[in-house]
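Visitor: I would like to take a close look at a single part of this protein. Please start from the overall layout and then stay with that one part for a while.

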Amino acid sequence: RVLSNVEGKYLMDSVPFSCCNPGSPRPCIQHHLTNNSAHYDYDHRIEELNIWTRGCREALFAYFSGMMNSIGALIIATIILEV
């Protein structure tokens, strides 16, 4: 556990498996993220972690924004062709 700077509460030094990046060549490190001695050839301060760097909200927003832009363009093109 890692001491938080928010109200003195403790945070877990782990992430769920769904946060792992499947495109990473390294096995997923999801527990003891800040403990360098728990993993072979690992330094959490300089190593690019193999977990997603953006949260679920940002990923879903980007996905659905792209989908809505495509649908919007299709609707506008259809309206122009109908007129």
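In what order do the elements of the protein chain run from the N terminus on, and what can be said about the nonpolar surface patch that includes F64?

Guide: This is a predicted model, and the elements of its protein chain run β-β-α from the N terminus on, which comes to one helix and two strands. Confidence is uneven along the chain: the average pLDDT is 76, with 73% of the residues scoring at least 70, while among the elements α1 has the highest mean pLDDT, 86, and strand β1, residues 2-3, the lowest, 52. The helix α1 spans residues 56-82 and holds F64. As for the patch, L60, Y63, F64, M67, M68, I71, I75, I79 and V83 together make a nonpolar surface of about 940 Å². F64 has a relative accessible area of 42% and therefore counts as partly exposed, since that class lies between the limits of 20% for buried and 50% for exposed. Another phenylalanine, F17, sits in the loop between β2 (10-11) and α1, and with a relative accessible area of 59% F17 is classed as exposed; its C-alpha lies 9.0 Å from that of I29, twelve residues away in sequence. To place the patch in the setting of the whole chain, 13% of the 83 residues count as buried, and the accessible surface comes to about 7,100 Å², of which 63% belongs to carbon and sulfur atoms. Among contacts with a separation of 6 or more, 22% are accounted for by residues 24 or more positions apart.

How values were computed. Residues numbered from 1 in each chain as written. Predicted model: local features only at pLDDT ≥ 70, side-chain atom pairs only at ≥ 80, totals over all residues. Heavy atoms only, no water. Patch = residues over 30% accessible without salt bridge, like charges linked within 9 Å, V, L, I, M, F, W, Y side chains within 5 Å. Areas by Shrake-Rupley, 256 points an atom, 1.4 Å probe, with all protein chains shown as cover. Salt bridge = Lys/Arg side-chain N within 4 Å of Asp/Glu carboxyl O. Helix = DSSP H or I, 4+ residues; strand = E, 2+ residues; numbered from the N terminus. Buried < 20%, exposed > 50% of the residue type's maximum accessible area, 1.4 Å probe, protein only. pLDDT = per-residue confidence, 0-100. Contact = heavy atoms within 4.5 Å.
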